[in-house]
Amino acid sequence: MKPSPNPPHAPTDRHGPTDPHAPHAPTDPRAQGAPRARATPRPAETPAGFAGRGAERRPPLVLLVPACVAALFALLPLGYLAVRALERGPAFAWAVVADERTLDLLGRSLGLTAAVVATCVVLGVSLAWLTVRTALPGARFWSVAATLPLAVPSYVAAFAWLSAEPDLAGFGGAALSLTLVSFPYVLLPVAAALRGIDPAQEEAARSLGHGPLRTFLRVTLPQLRPAAAGGALLVALYVLSDFGAVSLMRYDTFTWAIHTSYRASFDRTPAAALSVVLVLMTVTLVAAEARTRGRAGHARTGGGTARPTAPVALGRWKPLALLWCGAVLAVAVAFPLGTLGYWLAVGSSATWDLGGLTETAWATLGVAAAGAALTTLLALPVGVIAARHQGRWARLLEQAAYAGHALPGITVALSLVFFAVRYAYPLYQELPLLVCAYAVLFLPVAVAATRAAVLQAPPVLEDVARSLGRRPWQVLREITVPLAAPGVAAGAALTFVVCMKELPATLLLRPTGMDTLATRLWTETGAGSFAAAAPYAAALILLAAVPSYLLGRHRP
Amino acid sequence: MRPPLGGRIFALVAAGLLLPALAACGSGDDKDGGGSGEAGDATLVIYTGRNEKLVKPILDKLEKAVGADVEVRYGDSAELAAQILEEGDRTKAGLFFSQDAGALGALSREGMLAKLPQASLDKVDKAYRSGEGDWVGLSGRVRVIAYNPDRVGADEVPDSVHDVVKPEWKGKVGFAPTNASFQAFVTGMRVLEGDEAARKWLEDLKANGAKTYANNLATLDAVEAGEVSLGLVNHYYWYERVAEKGEDGVDAKLHFLPGKDPGALINVAGVGVLAANEDQSATARKAVDYLLSKDAQTYFADKTKEYPLAAGVTSSVEGLPPFESLQSPDIDLGKLESLQETLAMLQDVGLV
């Protein structure tokens with residue numbers, strides 16, 4: 001693939017909305033980008049230097065080939081589903097899916113998803129803004145603590161709430177516990193986006209007479225949209241795939257039907273047929289999210305360096321802001337940790353096996369780090385393509401990465417058993433396969449982070465590099481990745497945390513005899529030894545702080 | 001030009017990828033050494049859905065008893081059964097030790113289990129083993145009614161689950177609708193009395209304001225706290241609680257139902273030998289015999305408070321009624337596999 005012939009300048013055509021030197025501050029970037037959407041079928045027809053510069057280019061092979069590898073990886077579970085769902089003919093599969101109960105459960109799943117996503121967006125955006133853009137005391141502490149809820153397994157959250165208030169069972173309890181463990185999916189990318197925004201636009205808006213609220217709504221918020229929507233999509237898929245919280249809260253969702261198929265009738269065919277419905281739903285959600293993106297650029301293009309944003313003084317709102325952040329983290333982190341403390345205090349099964357705990361913690365850290373590393377590596381080309389290219393390839397690759405993400409962990413795990421036993425038997429029940437399983441499960445988490453990070457890096461720098469004769473992989477290595485590094489690293493940290501708490505695939509694919517914190521927690525709670533389980537759960541939650549703490553130290 | 005953060009990420013990625021690969025190479029070498037040997041010496045791989053805390057000590061002893069290396073993989077019974085079915089002939093398991101009869105039945109249906117020697121089968125009553133002769137029950141748990149003596153006199157406790165839906169127990173009964181043992185009991189009731197009777201009972205139970213709990217332990221806690229007067233639970237939770245706190249520390253009492261009531265169903269944990277791994281099967285059969293030995297059966301009885309199922313072994317748990325005295329319904333445990341319909345029924349009624 002040859003470097004783009006496009007001239008390196010003329011930055012204002014596509015990126016006008018974000019150009020601080022533009023005479024008018026942007027009101028709605030979509031208004032400028034949308035009419036062009038999908039209008040250009042083939043790259044060759046795009047006049048050089050005109051609309052969608054770079055956007056319609058076919059991705060270079062150096063990105064395309066690894067991205068396809070990643071996509072194939074992510075599509076493995078779908079191949080398995082096809083085999084299993086059609087095992088007894090399409091008529092049988094259709095009969096399973098067409099059951100009226102299925103539709104009912106689907107409605108319940110979507111209702112829960114909508115409620116959790118809406119709450120997560122409110123929590124995520126408000127906390128991100130408060131911690132990044134205001135003079136909130138202890139901003140550093142808040143941003144590290146904000147990752148921790150992700151490490152709380154949904155069933156631990158549900159169990160904690162249920163033991164405090166049994167009446168919570170049902171929709172409310174399920175929505176509450178799922179919201180509190182998944183809102184960082186929105187918070188973290190939005191916080192990263194806020195850090196990357198050039199304050200010049202907001203200043204321009206203010207100078208043109210917009211009030212602070214109006215500026216936030218019309219200038220800041222639209223720029224946060226890709227990050228927030230990407231996070232919301234992850235939340236939605238997480239809720240769709242969750243079984244732990246909904247089963248404890250006794251709120252039947254679609255995953256209930258899938259698990260019933262495995263547990264009650266020991267039948268994999270109906271489970272697979274139902275899982276296909278989840279895949280279709282995922283594809284629809286991903287397409288819908290892509291539609292809301294518009295085509296606005298979100299990178300600054302002006303000369304010089306953006307100066308740091310002046311933190312907003314909270315004034316008399318400070319106590320209220322602190323209260324809000326404190327309250328959210330109290331219910332999301334302190335409450336489950338407190339429950340664990342209570343387990344320790346009242347239970348008699350507590351055994352301080354510090355050696356066992358340390359060993360398990362190290363094993364967990366190792367396998368989660370490897371999982372995060374592989375996932376991030378595979379996500380990089382997909383994320384870059386998703387951010388920089390808008391043709392059919394880009395859409396297909398991104399869809400592929402997400403397609404299996406709403407599947408329950410057990411289904412993904414069984415699909416990997418299926419393929420590994422047939423085609424990679426020497427790896428079966430060995431560590432590398434477990435690491436691969438994490439990559440299959442969590443690819444979208446890293447893709448979303450990478451995409452959002454690359455979107456904020458000015459594409460004009462890549463064009464300059466290309467015009468100076470850099471090969472595509474050099475552009476990637478010297479420009480794109482370094483510019484996106486903080487966002488990519490944040491995505492890796494996120495992936496690390498979700499790998500740590502993963503249970504169903506770990507149980508099926510771990511080397512025989514190996515334990516992670518999550519499997520230990522499962523063993524102890526399964527035996528009713530809550531006091532003995534508490535240290536493992538606490539370690540899981542506290543270790544999640546490590547990557548975000550390390551990342552925070554490198555932040556300017 | 002690579003900024004520090006990019007470089008660090010790169011190093012982290014590289015290290016993260018290399019470490020497990022190296023570790024895998026190491027462990028791979030060990031496996032090759034242990035795996036190749038003559039048939040009788042092959043490592044026995046046990047997949048078990050029973051909790052590690054519960055069975056690890058006895059499986060450690062089993063390793064000595066069978067004289068071969070034993071590897072144990074812990075998981076959920078149903079998920080492990082699905083895993084074995086997915087592995088097919090290439091399964092690594094030589095023995096499947098399941099929490100309940102249903103998962104064994106599923107493997108038996110697919111022809112994954114090998115016939116057990118008649119001598120092993122005969123150690124257990126026919127009611128608690130496979131009709132195909134390919135799995136055998138090891139320990140039994142019985143459904144009981146737990147009651148709070150401060151709220152209800154011993155002679156007032158109902159003798160049948162059919163009585164708990166009567167008006168005098170309105171709002172005073174607790175149960176765990178998502179618990180597998182409760183669902184097995186409902187399935188048993190459907191088999192014994194028909195779908196209509198079971199549905200009616202569930203509807204009456206709901207209409208009577210029975211309270212639902214997350215699991216048996218939570219139900220027992222509710223009885224203990226006087227939140228409800230009666231709780232439908234498995235027997236061993238109470239004995240475990242007594243072993244932990246002493247009989248004086250536990251207020252709740254148990255009532256074993258007479259008259260072959262469906263509420264007195266006995267379900268079993270059991271074991272089967274995988275047909276696919278012939279090199280392990282000799283060891284696996286030895287393991288089955290060990291698990292049916294007095295040594296292992298006594299362990300189950302003492303540790304899990306379940307009933308030992310091998311003939312000639314009796315539980316020494318204090319206060320536990322003799323196994324022979326239990327008046328459980330006559331039911332083919334193989335028929336409890338129609339759980340799917342039970343779940344649909346529980347949903348229709350609105351209990352789960």
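Biologist: Two strands pair if DSSP finds at least two bridges between them. This is a predicted model: local features need pLDDT (the predictor's confidence in each residue, from 0 to 100) of at least 70, side-chain atom pairs count only at pLDDT 80 or more, and totals for chains, interfaces and linings use all residues. Residues are numbered from 1 along each chain as its sequence is written, while chains are lettered from A and ligands numbered from 1 in the order in which they are written. In which sense do β1 and β3 of chain B pair, parallel or antiparallel?

Modeller: Strands are DSSP runs of E, at least two residues; helices are runs of H or I, at least four; both are numbered from the N terminus. In chain B, β1 covers residues 44-48. T48(B) has F97(B) as its bridge partner in β3(B). Over three bridges, β1(B) and β3(B) pair in a sense that is parallel.

Biologist: Which residue of β9(B) is the bridge partner of F97(B)?

Modeller: β3(B) pairs with β9(B) too, this time in the antiparallel sense over four bridges. There the partner of F97(B) is V271(B).

Biologist: Are the residues of β3(B) buried or exposed?

Modeller: A residue is buried if 20 or more other C-beta atoms, placed from the backbone, lie within 10 Å of its own; 12 or fewer make it exposed, and in between it is partly exposed. On one side of β3(B) sit L95(B) and F97(B), on the other F96(B) and S98(B). Both faces are covered, and all four residues are buried.

Biologist: Where in chain A is the residue Q429(A), with its positive phi?

Modeller: Most residues other than glycine have a negative phi. Q429(A) is not a glycine, yet its phi is about 60°. It counts as buried because 24 C-beta neighbours lie inside 10 Å. Its place is the loop between α18 (409-423) and α19 (431-456).

Biologist: Is K260(B) buried or partly exposed?

Modeller: K260(B) also has a positive phi, near 50°. It lies in the loop between β8 (253-255) and β9 (266-273) of chain B. It has 16 other C-beta atoms within 10 Å, so it is partly exposed.

Biologist: How far apart in space are A490(A) and P547(A)?

Modeller: A490(A) is found in helix α21 (residues 472-501) of chain A. Contact means C-beta atoms, placed from the backbone, within 7 Å; beyond four places in sequence, A490(A) has contacts that include L188(A) and L551(A). A490(A) and P547(A) are 57 residues apart in sequence, but C-alpha to C-alpha they are apart in space by 8.4 Å.

Biologist: How far apart are the end C-alpha atoms of α16(A)?

Modeller: The expected span is 1.5 Å times one less than the number of residues. For the 35 residues of α16(A), 354-388, that gives 51 Å. The end-to-end value agrees, at 49 Å.

Biologist: At which residue does α16(A) have a kink?

Modeller: A bend is the angle between axes fitted to the seven residues ending at a residue and the seven starting there. α16(A) is mostly covered, with 26 of its 35 residues buried. Its kink is about 35° and comes shortly before the proline P381(A), at L380(A).

Biologist: In which helix of chain A is confidence lowest?

Modeller: Chain A averages a pLDDT of 81. Over residues 1-55 of chain A, pLDDT stays under 50. Where pLDDT is low, the predicted coordinates should not be read in detail. Confidence is highest in α8(A), at 94, and lowest, at a mean of 37, in α1(A).

Note on methods:
Contact = placed C-beta atoms within 7 Å.
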